[in-house]
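Subject: Structure handover and notes

Dear colleague,

I am passing on the structure we talked about, together with my notes on what was found in it. Please open it alongside this message, since the notes are meant to be read with the coordinates in view.

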Amino acid sequence: MQATYLKSVDQRQYWAPHVHNDLAHQDWSVTDIRAQIDLEAWQRYLIDIPRDPYVNQRWKRMAWLHMTDEGDIAVMGECPMAQGGKFNDAESMADKLRYYPELEQSFMARSDVKAFVKAWTELWGIGPNEPILMQITGVKGTEKLDPLQGQGIHADGCQCLSILVLSRENVRGADSYLYADKAGEQLLTRQVLEPGNILHLYDDRLFHGADSLEQEDPTAPYERFIIIINSRFVDSFQNRMLRRHFPHAVLNDID
Ligand SMILES: [Fe+2]
């Protein structure tokens, strides 16, 4: 089953032509990749995902990946997430080292996962040995939601950022939005991303966020999970950690 994905997906056509144009002209793009990935198979990895120890009601795994000199996608090893306060206003996360369980080996071994990451490096022009952070994160539960959840307008502290929606069940809201400014005066787009939709953006040029979400049916479980994939960090705190853990990595803008 998996092999058919690699065979059927021509890397040059992985992204719809409008994606390249959108990124060149407006610094962001939304497209659908349900034909390129086995979304149902990816969703099975949400069942055992561990809790985020730093943020209430969130679940997360992550891995640092790179393209090898041979052009394969490989896991680099452990390095904490390190977002400086300049990029993350949340007290639970800013200026802290955060460690998470790795993405599962069987997930990283999937041909459609490797094809996705490879196509992502090609879209952004990421070269061999540049660290790429891939996270699966989201919310799920049956209990009443924390009314304060939702992220304010922020940047992740990198240049190349994409957000792929994996699941959205019994959820109202959680609109994704982009602004040209951190104050939130120049709205560029606001839309509900459905599973299989991916938003690409230049994170050092735009600001993003997602609205809080509500349960459509308060008696039923809800969930919303995304994949966040990013590279070329402009956050010096993160770059220092990357240099310490991956001495031979190709880094962006190191201090
Ligand atoms: Fe973000």
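To begin in the middle of the fold, Ser 29 stands opposite His 200, the latter being a residue of strand 12. Please keep in mind throughout that this is a predicted model, and that the values below are computed from it.

The strand pairing to which these two residues belong joins strand 1 (residues 28-32) to strand 12 in the antiparallel sense, over five bridges. Strand 12 also pairs with strand 8 (residues 158-169), again antiparallel and over five bridges, and in that pairing Ile 163 is the residue that stands opposite Leu 199 of strand 12. How many of the six residues of strand 12 are buried? The count is five of the six residues in the run 197-202, so strand 12 is largely enclosed by the rest of the structure.

Just ahead of strand 1 there is a backbone detail that you may wish to look at. Asp 27 sits in the loop between helix 2 (17-26) and strand 1, and its phi is positive, at about 70°, although the residue is not a glycine. Because its relative accessibility is 17%, and the limit for buried is under 20%, Asp 27 counts as buried. A positive phi is also found at Asp 95, likewise a residue other than glycine, where the value is near 60°. Asp 95 is placed in the loop between strand 4 and strand 5 and, with a relative accessibility of 53%, where exposed means over 50%, it counts as exposed.

Turning to the metal site, which residues coordinate the iron ion? The donors are NE2 of His 154, OD of Asp 156 and NE2 of His 208, at 2.2 to 2.3 Å. Along the sequence these donor residues follow the spacing H-x1-D-x51-H, and both His 154 and Asp 156 are buried. As water is not among the atoms, the site may look incomplete, which is worth remembering when you inspect it.

His 154 brings us to a second set of strands, for strand 7 covers residues 151-154. Four strands form an open sheet in the order 7-13-10-11, with antiparallel pairing; strand 7 and strand 11 are its edge strands, each pairing on one side only, and the twist from one strand to the next averages 10°. Within this sheet, strand 10 (residues 176-179) and strand 11 run antiparallel and are joined by four bridges, with Tyr 179 standing opposite Leu 187 of strand 11.

Strand 11 (residues 187-191) also holds Thr 189. With a relative accessibility of 12%, Thr 189 counts as buried, and its side chain makes a polar contact with the side chain of Gln 191, at 3.0 Å. If neighbours within four places in sequence are left aside, Thr 189 is in contact with Trp 28, Ser 176, Tyr 177 and Leu 178.

The aromatic residues deserve a paragraph of their own. The count comes to 11 aromatic pairs. One of them is formed by Trp 42 and Phe 116, whose ring centres are 5.8 Å apart and whose planes stand at 80°, so the pair is edge-to-face. This pair links distant parts of the chain, as Trp 42 lies in helix 3 (residues 39-43) and Phe 116 in helix 5 (residues 111-124), 74 residues apart. Trp 42 is buried, with a relative accessible area of 0%, and Phe 116 counts as buried at 0% relative accessibility. Both residues belong to one aromatic cluster, which is formed by Tyr 14, Trp 15, Trp 42, Tyr 45, Phe 107 and Phe 116.

Finally, there is helix 6 (residues 236-245), whose buried residues are Phe 237, Gln 238, Asn 239, Met 241 and Leu 242. These buried residues pack against strand 2 (59-67), strand 4 (81-83), strand 5 (96-98) and strand 15 (222-233). The N-terminal end of helix 6 is capped by Asp 235, which places a side-chain oxygen 3.0 Å from the backbone nitrogen of Phe 237.

With kind regards

Technical notes: Residues numbered from 1 in each chain as written. Heavy atoms only, no water. Donors = N, O, S within 2.8 Å, 3.2 Å for Na, K, Ca; no water. Buried < 20%, exposed > 50% of the residue type's maximum accessible area, 1.4 Å probe, protein only. Polar contact = N/O pair within 3.5 Å; in protein donor to acceptor, adjacent residues only side chain to side chain. Contact = heavy atoms within 4.5 Å. Pairing = 2+ DSSP bridges. Axes fitted to C-alpha atoms, helices over the stretch in contact; angles between N-to-C directions. Phe/Tyr/Trp six-rings, centres within 6.5 Å; stacked < 30°, edge-to-face > 60°.
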